[in-house]
Amino acid sequence: MTKRFSPSQIILLVVAAALAIVWLAPLAWAVATSLKPESETTKLPLQWFGSELTLDAYRLVLATGGIVKWAINSTVTAVVVTFMTVLFSAMAAYGFARTQFRGQRVLLAVILAGIMVPPQVLMAPLFAEMVSLGLVDTWWSIILPQVAAPLIVYILYKFFQDVPLELEQAAFVDGAGRWRVFFTIVLPLSRPVLAAVSIFTFITTWNNFLWPFLVSTDPNTMTLPVGLANVVQGTFGLRYAQIMASVVLAGLPLLVVFVLFQRQIIRGVAHTGLAGQ
Amino acid sequence: MEGPSSVSRRHLLGGGLALLGAGAAGCAIPVGLGSAQRRVRYWHFLGASDGIIMNRMVGAFAKANPDVFVEENVLAWGEPYYTKVAMAGAGGRSPDLATFHLARLSGIGAGRILDPINVDLLAKNGLRAADFSPPIWERAHINGELYAVPFDAHPMVQYYNTDLSRRAGLLGDDGKLKPTTGTDELLAMLRKAKDALGGKPPLVFDALGLGTVGPWRVWETLYAQSGGTLVSDDGTRITLDDTKALTALRFMRQLGQEGLCNPKTDYGASVAAFTNGLAAFLWNGDWETTGLKERKTPFSMARFPSVFGSGAAQADCHSFVLPHQRNRDPETEAATYRFIAYLVKHSADWAVAGHVPAYLPALEEPAYLALQPQSEYRSVITEVALDPKVWFAGSASRLWIEFGGAFSPVISGARTPEQGLETAKQALRRLMSAPDPFPAKEG
Amino acid sequence: MATTVAAPAATAPAAHVQVRRRWTQHGLLFVAPFLVIYAAFLVWPTVLGLRMSLSSVNIAGGNNEFVGFANYAEAFTDPRMWHSLWNTVVFTVLSTIPLVLLGLGFALLVHNLRFLQWLWRLSFFGPFLLPSAVVAVLWLQMIYPPEYGLLNGTLGTDVLWLGDPSVAMWSMVLTTVWWTVGFNFLLYLAALQSIPQHLYDAAAIDGATAWTKLRSITLPLLGRTTGLIVILQLLASLKVFDQIYLMTNGGPEEATRPIIEYAYEVGFSGYRIGYASAITYILFVLIVIVSLGQLRLLRKREEALS
């Protein structure tokens, strides 16, 4: 109904551009600071560019080792959590949607009730449990509680209920076993929803702070956010270029992935997030 | 670094330097080791010049003991540090060794957060009870068992600017500050210094700020000098003596009122003012020594003046503890004790940072005696006023923060000494009535 | 919801009976792996937490004695508990309003724009993808510092963003809005895109202005989404910890300390993990009340969809 460059479009464009500049400014400031020579990071009046662009801060940050170690810990734990969550939740959801067994309804109710239990509320008992299991300061202590995500089961359960039965029946008639049906027919059919919950799980795990912060006291087992918060500020003191370089390095991975897979990530977050965070 | 972390930019910078060194050492050797090297994971909170000196000592140990690799991790000072140590100790995969404030020991108890020190292993490495200052050695025990190896004491001391003091006629023939005894002599000295400074406050200390503990340190020093105590020895009763407490507080108020001390300086500002020659005296812990030397301030140090009787000075001690481990590897343990013994026996190197060695033989070493001004106040080691043995005491504890907050407005006059004391007593009563997480019966 | 479980089988014709029996054979096996982890790391800690909240247990598991409701009694008379609970409520109210309104505003703006969709999405949603620690360290070190921080430097102001007790909570809200508004923006954007175009076309024939279209079509149809967003937002804000712990550590003068942080202080810094459990369980009750509202809304939405 409006032309491409109607006055209203131009006004909207200007407003959006102004807001986008405000919203991107903090990130741009982090990048700008990280590229300045250390002596100019707090120079007044503020300047967006120093006398030269230098990667010194990044070199120093990478050389001290911590951030690489934490990135490995973050990647390993996020990948394992995502894989386990999606596989186990899909199996459970399928079990509830398509099979019958004693106590099924009670179990399902117990799992759905778990959606209301936020991990923050469990920090004390979960820590105590990890202490008695002897898992504090291991990857498993970071991973296992994050796999117990009833929300994902609920989302997949809803999805499987809506998948037509006929497809599976045909396979059964052909003599396929139940596990084969699940892995070769049901899972491939569910690819979009699995992608959505995988993305959501990965992002939440990658960004999680409180739990890994509690169970990794050893700088060798810390994830990226925990290491950044605990060690980087202490280590680099008030060397702003290096702190900002660490911030950029820790924040960058997901932003790059977002630019590459914008549509999938938006679907993943919107779809899964709407059902409850 | 002992000040509140928010104010000590310069220290953090120094800490960063130390850590860069530590970090570089850390990545020079792969974590997997694999070789015959034994890894000792060591945590501490020593920043600034403390951190640099510790890093140097670790390096020296490594050179002398190529079969041991000490993995040094520097964590943020204060409450976060003690939280992490407690959680690591509870978890049981904790570092092999950690630096610890002795006054914090009662707080953390013996309840599976720390493992006791093996006295035989210590003796095998050449450290015996007789080598340590008795009150400090005694304090390292819980229920008769040794839980910490004392390393140093860091008492409140009096820094003085030698140029300004000379101008005010406060130095003796030997070029050292003429010691004062009692309130009158101290006031007279400060007044002279005030005149020499053209009426500006001659004395600075950490007097206000977020989580300030300076007012507590000064008050506890004065109060302990008059023989006052806070809590009974068994930690069950409040023994605060109102008269003595008020005398000390009124004296602090007098300093503020007469403009003899600056009530408006936080930790960072107090050190900066003294560094830049804007104040003649600084009351602080001994840890600013190296920083002041680096910045070429003309200064020396003396014991905290005796004002109300004894020469006691508020202090805490650095020590080494073994956070609890489920499975302690005997060979790592042996290497850990070797490392402890090395550090303690090289206390004279550590004393460069300003701290008084707890290891008595070090106090006699020519290398230590030659340290100026670090050896000037060494005699305080037998008169240190340590915190009461309660779970909420020790460096950066609730006790310090509550009392610091209660007394800070007294110095500036925003609160009367009576009001300040009442606030502090309320806080103390609250802390006493809160359940002790590590009751004695458990040990 | 549990009642729908048997639905596919119940409606299945007789020919399906054989198939159904086959499916029934090892149903528990499908559920088992999740169930084990769920039982061990969600159900059990929930029970354990309740037990701990009735004990004087310390962080190392010692001093584990039953004290009845003493911890709860202490919590209800603990001024610091109430203060942190109050801070949590204040933060929730202060942050929810701008988060919902700005999320809606951004979504309306971007929805009506024809160019550079990816750029707007990146700008407004991007910060949501950053870990809390990245956000907190960035704002703490380079945005809020009074002297050389971006805010005072750009605005020419002289505000102690984190040091002034009357300002600090607003600063927490500001950072949180910047960080998480993208999530609401995205949900609103999805909702806007699902409004059928023909409604607008019909209104256009009736000569409706852009403003009346917004008021009589868009906003009413976004009502349910708004309800969900508000509840998600309340839940998220009640659990706030990361950014406040990292930027102000609850200060200045305890002006920003939320209840989760108080539980952390009591339980981990103060070693009294039993008392910390009691505090978190008080918060738990609040969260369950809000969550029940969420479930009701979700169910309404399902009913509306079916």
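This report covers one chain contact and three backbone features of chain B in a predicted model.

## Contact between chains B and C

Chain B meets chain C through 15 of its residues. On the other side, 14 residues of chain C take part. The chain B side can be split by class. Nonpolar residues number 9. Polar residues number 3, and charged residues also number 3.

## A cis peptide bond

B:Gln372 and B:Pro373 are linked by a cis peptide bond. Its omega is about 0°. B:Pro373 sits in a loop of chain B. Helix H16 (366-369) and strand S15 (384-385) flank that loop.

## Positive phi at B:Lys296

B:Lys296 is not a glycine, yet its phi is positive, near 60°. The residue belongs to the loop between helix H12 (289-294) and strand S11 (299-303) of chain B.

Is B:Lys296 buried or exposed? B:Lys296 has 8 other C-beta atoms within 10 Å. A residue with 12 or fewer is classed as exposed, so B:Lys296 is exposed.

## Positive phi at B:Ala396

B:Ala396 also is a residue other than glycine with a positive phi, here about 60°. Its loop in chain B runs between S15 and helix H17 (398-412). Strand S15 also borders the loop that holds B:Pro373.

Why does B:Ala396 count as buried? There are 22 C-beta neighbours inside 10 Å of B:Ala396. The cut-off for buried is 20 or more, so B:Ala396 falls in that class.

Key: Residues numbered from 1 in each chain as written. Chains lettered and ligands numbered in written order. Predicted model: local features only at pLDDT ≥ 70, side-chain atom pairs only at ≥ 80, totals over all residues. Contact = placed C-beta atoms within 7 Å. Nonpolar A, V, L, I, M, F, W, Y, C, P; charged D, E, K, R; others polar. Helix = DSSP H or I, 4+ residues; strand = E, 2+ residues; numbered from the N terminus.
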